[in-house]
Amino acid sequence: MPIKRLLIANRGEIAVRIVRAAKAKGIETVLAVSAADRDSMAATEADRAVVIGPAAARDSYLNGDMLIHAALSTGCDAVHPGYGFLSERAAFAEKCENAGLNFVGPKAETIRLVGDKLAARALARSAGVPMVSGSEKVDTVDDALRIADGIGFPVITKASAGGGGRGMVVARSPEELRSSFDAASHEAKEAFGDGTLYLERFVERARHVEVQVVGDGKGNIVHFAERDCSLQRRYQKMVEEAPAAILSPALRNRVSQAAIDLLSPISYRNAGTVEFLYDEETEQFFFMEVNARIQVEHPVSEQICGIDLIQRQLDVACGEASELAQDDIIPAGHSIEVRIIAENPLDNFRPSPGRITNWSAPSGTGIRVDTAMASGVMVPPYYDSMIAKLIVTGRDRDDAVARLRDALDSFVIEGIATNIDLLRFISRHPDFIENRIDTRWAERVLLPEFLSDKGAP
């Protein structure tokens, strides 16, 4: 059934993106907002905005029952969850379906399956997708020590119920594993309501490569190339690129095919990302996890493939037959995204909410800025502190890096602290320019050098 009116269950830049994509397809939009966001850019651009609760996310954007009530009471026939909040909550997708609402995302049973990391590993194993040496669930620290002895140190603990760095601890010795295991389990319990951990062999110099896919729910899946998201701080992505310039054409094809092989047997529907760990020394890649939603970094895939992935999500949700074959998707150029965060890197990345007194974003050929900010807008203290995404696209990586440097130099945000100085430092760092980074490079090299350059302790 076609979507006539869409409830957007999110905020900030992704809410703006969804509003604009829906309007381009002639779909009416209703934005669910907290009291803190009633005057936001997304609320202004939507056809209608409804306040669903107070500022705190638990009472608004995480209140699934209120979101469904808002959708039904405003005559919506579909819900787009964006990313974060309830986007990967199988229970919310199921409630939408039971209420007769079209959930713009994977089916509830799919979210439940791939959201459990151990179940996703079993799925990858059955599909013949390479995996790093690891375990099933680990109940006690003694079990963890026995398993780690078989895998070999160093190992990393991971939470079965979720990602984002929660429950992840690298242990290089039995003593480190013994001292950190219970704390990792507790952190996972606090974050996801489930403290179950499992172990994997830790790859010292790893790259993070992920494949963007869209499935029609009938077993047909196409990919939109891969991204390199290796530049991270504490497992949180800072910079994302497409394509992954470190991969050879043959390896690129193998990684993309592995993603499709993984998701085809479960008839994956809508947008998703399959994430891999890549060992540059051995040129081997290993399955990590599936993200059953659109991701923050999707614009770089859009830029090189010439596809609006939010509109593609809406097409799939409407059941429209896709005329897009894999051979029709021909990536070109190189795109880099950096996340503009309201935080102070010189003060241990302390969040910096407040009113933006001056906002002047770069523009021009090859420059895109996704945001809900402008001069005079208040950055609230209640939510994630990402306020914009700067996306640059060039002929190749060297060209994209040069455009990134110029764009960052002309980006002006006043009134609050941001990470723009750190991003400028990255764009000029020889390791970044030469693409000599890994997932631990920021902690090992970047941050010590940046703090030293700024004379910070």
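In this predicted model, ring pairs connect Tyr61, Phe85, Tyr382 and Tyr383 into a cluster. Within the cluster, tyrosine 382 and tyrosine 383 form an edge-to-face aromatic pair, with 5.8 Å from centre to centre and 65° between the planes. The two partners differ in their surroundings: tyrosine 382 is partly exposed, because its relative accessibility is 47%, whereas tyrosine 383, with a relative accessible area of 11%, is buried.

The structure holds seven aromatic pairs. One of them brings together tryptophan 359 and phenylalanine 411, again edge-to-face, with the centres 5.4 Å apart and an angle of 90° between the planes. This pair links distant parts of the chain, for its members are 52 residues apart. Tryptophan 359 belongs to strand E18 (residues 358-360), while phenylalanine 411 lies in the loop between helix H12 (397-409) and strand E22 (412-414). Tryptophan 359 counts as buried because its relative accessibility, 13%, is under the 20% cut-off. Phenylalanine 411 is buried too, at a relative accessible area of 2%.

Aromatic rings also take part in contacts with charged side chains. The charged end of arginine 397 sits over the ring of phenylalanine 432, at 4.9 Å from its centre. In a second case, the charged end of arginine 201 is placed over the ring of phenylalanine 286, 5.9 Å from the ring centre.

Turning to the annotated domain, the unreviewed UniProt entry assigns "domain: ATP-grasp" to residues 121-318. Over this stretch the chain is 34% helix and 32% strand, and the C-alpha atoms at its ends are 30 Å apart.

The backbone offers some points worth a look. A cis peptide bond runs from phenylalanine 153 to proline 154, with omega near 0°; proline 154 is found in the loop between helix H7 (141-151) and strand E6 (155-159). Alanine 242 and proline 243 are likewise joined by a cis peptide bond, with omega about -5°, and proline 243 is located in the loop between strand E11 (236-242) and helix H9 (249-263).

Positive phi values in residues other than glycine appear at tyrosine 235, where phi is near 70°, and at glutamate 283, where phi is near 55°. Tyrosine 235 is in the loop between strand E10 (221-233) and E11, and is partly exposed with a relative accessible area of 25%. Glutamate 283 occupies the loop between strand E12 (269-279) and strand E13 (284-291). At 53% relative accessibility, glutamate 283 counts as exposed.

Notes: Residues are numbered from 1 along each chain as its sequence is written. This is a predicted model: local features need pLDDT of at least 70, side-chain atom pairs count only at pLDDT 80 or more; totals for chains, interfaces and linings use all residues. Side-chain values use heavy atoms; hydrogens and water are left out. UniProt positions are given in the numbering used here, feature names are shortened, and annotations may be inferred rather than shown by experiment. Helices (H or I, at least four residues) and strands (E, at least two) are DSSP runs, numbered from the N terminus. Rings of Phe, Tyr and Trp (its six-membered ring) pair if their centres lie within 6.5 Å; planes under 30 degrees apart count as stacked, over 60 as edge-to-face and the rest as tilted. Buried means under 20% relative accessible area, exposed over 50%, partly exposed in between (1.4 Å probe, protein chains only). A charge sits over a ring if NZ of Lys or CZ of Arg is within 6 Å of the ring centre and within 35 degrees of the ring normal.
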